Amino acid sequence: MVWLHAVKDRGHHFGAGEIRKDNTFTVDGMLPGAYTISVNPLVGDSYLASAHLGSADVLRAGLTISSTNPSGMLDLVISPNGASVEGMVVKAQKPVSGASMHIELADAEQGQTFAKADAETDQYGQFAFHALRPGKYVISAKEDEQSEGVRTIDTSLEEKQHSRITITLDDGK
C-alpha cells in the first residue's frame, strides 16, 4: 500500500493506493498541500529508496499537490538492501525493560517519513530497528517517562549492514 500523509495536519488528510499486480497504484481525491510518502508493508529489510514525480525528488523535497497539477506519475523504487540495528539497553550492568527508543536519520529531509522510528525494549532490554535506508543515524534511549537523562549515540549504516550495539544508561552513582 502506498500512503500519502499531509505534512501539516489539517483534518488528518491522507490518501492510500493499493499496489496492483502490474506494480502500479492510484491515489485519488488528494487535496492540495504537502505530503510525505510511505509504502507498507514491505518484506524483510526493504525500504523506499527513491520517489520521483517527473524530475522532482519528492523524498528530499516532499510531495506537493497543487490545484493546477492534480495528477502525475509518481515513480517509486523499493530496495531490498536495508540495514538494521539491534541491541540492548543496560543500567548498572542489568537489562532495562520498557526503555523508550528512538532512531532518526541525522540528515533527514522534509519528505522522509521513514527517517525516524520509535520502539520499546522488551523484558530482556533488547530492541531492534529494521528496514533502514543507508545513512547516519542518531539513536536515543530513555529509561522511562520520569527519567531526565537520555543517552544518545551516533552510528552510520551501509546497505545490508546489520549492526549490534549496547547502550548503557547512567546508574546515578
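How much area does the chain expose, and what share of it do carbon and sulfur atoms supply? In this predicted model, the exposed area comes to about 10,400 Å², with 49% supplied by carbon and sulfur atoms. Turning inward, 35% of the 173 residues count as buried.

The chain's secondary structure consists of 15 strands and one helix. Among contacts with a separation of 6 or more, 65% join residues that sit 24 or more positions apart.

Let's look at one sheet. It is open, and its three strands run in the order S5-S4-S7 with antiparallel pairing. Strands S5 (56–57) and S7 (74–79) are at the edges with a single partner strand each, so one side of each has no neighbour in the sheet. S4 (residues 47–53) pairs with S7 through six bridges, in the antiparallel sense. Within this arrangement, tyrosine 47 is placed opposite serine 79 of S7.

S7 also takes part in the largest pocket: with four residues, S7 gives the most to the lining. Strands S1 (2–6) and S6 (63–65) join S7 in supplying at least two lining residues each. The volume of this pocket is about 740 Å³. Its lining counts 30 residues, and those nearest the centre are Val2, Phe25, Thr26, Val27 and Leu74.

Here is the lining of the largest pocket, sorted by class:

| Class in the lining | Number |
|---|---|
| Nonpolar | 19 residues |
| Polar | nine residues |
| Charged | two residues |

Definitions and conventions
Residues are numbered from 1 along each chain as its sequence is written. This is a predicted model: local features need pLDDT of at least 70, side-chain atom pairs count only at pLDDT 80 or more; totals for chains, interfaces and linings use all residues. Side-chain values use heavy atoms; hydrogens and water are left out. Two strands pair if DSSP finds at least two bridges between them. On a 1 Å grid over the protein atoms alone, a cavity is a set of points where a 1.4 Å probe fits but cannot get out, and a pocket is an open set with protein on both sides within 12 Å along at least five of seven lines; lining residues have an atom within 4 Å of a point. Grid points are joined across faces, edges and corners, and a volume is the space filled by probe spheres set on the points. Ala, Val, Leu, Ile, Met, Phe, Trp, Tyr, Cys and Pro count as nonpolar, Asp, Glu, Lys and Arg as charged, and the others, Gly among them, as polar. Buried means under 20% relative accessible area, exposed over 50%, partly exposed in between (1.4 Å probe, protein chains only). Contact means heavy atoms within 4.5 Å. Accessible areas come from the Shrake-Rupley method with a 1.4 Å probe; for residues, only the protein chains shown count as cover.
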